[in-house]
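Student: I am new to this structure and should like to understand it step by step. May we begin once it is in view?

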Amino acid sequence: IVHSAEGVDEWLSEPRKRLQDWVNKTWLVRINERNRSMGRIEFTPADAKKLLSQGAAATFLGVTLDTAKSTWSAIIVGDTCLFHFTPSNSGWGCKGYPFKAVNEFSDNPASITNRPNTASIVASDIQSCGADYKSGDILIMATDALAEWLYMKLEQKQLPYIIALLNAMSDEKFATFVNQERAQKQMKDDDTSLVIIHL
């Protein structure tokens, strides 16, 4: 991504077009099928256009691995976070990106939007990072609720617990873990996604 409004517009032009096509050709058809079955008023193409103009927004984290050079690089917009766990003789270490502490989260994170004339704002919010890696390292990509939980556990010096949890993680265990942490008020009840990359 070029860190400029022009670069952002070029990067987002195809996804924005796909969103517009999906709303007009798929969403509108399906929502009206549902509305008819429930006896509700149907949406018109003008309604769909209005919804598109209001816009949608999302945070973004993209990671690229260069296996020839054993490096990773990332581009981040908002509070979806990347964690780089590194083993050593004295234990594990961890660096988080883009934040350094749990108190950096907010209710209004930077985001990418499909609204027009926002490219310069998105460009100013793009953060880049990268590092070398070695065999045995772990990269974690986590959306905000889980990322905030991870920063909290790191601040509580619970790194061995985190590593044990990650090494035992499966889809089923992840769902159970999230539900338990939410029930104990340890994790916010928000969309929660996790990607684990063993290097």
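Tutor: A polar contact is a pair of N or O atoms within 3.5 Å. Please bear in mind that this is a predicted model.

Student: Which backbone nitrogen does the side chain of threonine 143 reach at 2.8 Å?

Tutor: Threonine 143 lies in the loop between β8 (138–142) and α4 (144–155). Its side chain reaches the backbone oxygen of aspartate 191 at 3.5 Å. At 2.8 Å, the backbone nitrogen reached by this side chain is that of serine 193.

Student: Is threonine 143 buried or exposed?

Tutor: Leaving aside neighbours within four places in sequence, threonine 143 is in contact with Asp79, Thr80, Asp191, Thr192 and Ser193. Buried means under 20% relative accessible area. Because the relative accessible area of threonine 143 is 14%, this residue is classed as buried.

Student: Which strands are the edge strands of the open sheet?

Tutor: Four strands form the sheet in the order β5-β4-β8-β9, with antiparallel pairing. An edge strand here pairs on one side only, and the two are β5 (91–97) and β9 (194–198).

Student: Which residue in β5 is the bridge partner of leucine 82?

Tutor: Strand β4 covers residues 81–88 and pairs with β5 in the antiparallel sense over seven bridges. In β5, the bridge partner of leucine 82 is tyrosine 97.

Student: What angle does the direction of α4 make with that of β4?

Tutor: Helix α4 packs on the sheet and touches β4, β5, β8 and β9. Its direction and that of β4 make an angle of about 40°.

How values were computed: Residues numbered from 1 in each chain as written. Predicted model: local features only at pLDDT ≥ 70, side-chain atom pairs only at ≥ 80, totals over all residues. Heavy atoms only, no water. Buried < 20%, exposed > 50% of the residue type's maximum accessible area, 1.4 Å probe, protein only. Polar contact = N/O pair within 3.5 Å; in protein donor to acceptor, adjacent residues only side chain to side chain. Contact = heavy atoms within 4.5 Å. Pairing = 2+ DSSP bridges. Axes fitted to C-alpha atoms, helices over the stretch in contact; angles between N-to-C directions.
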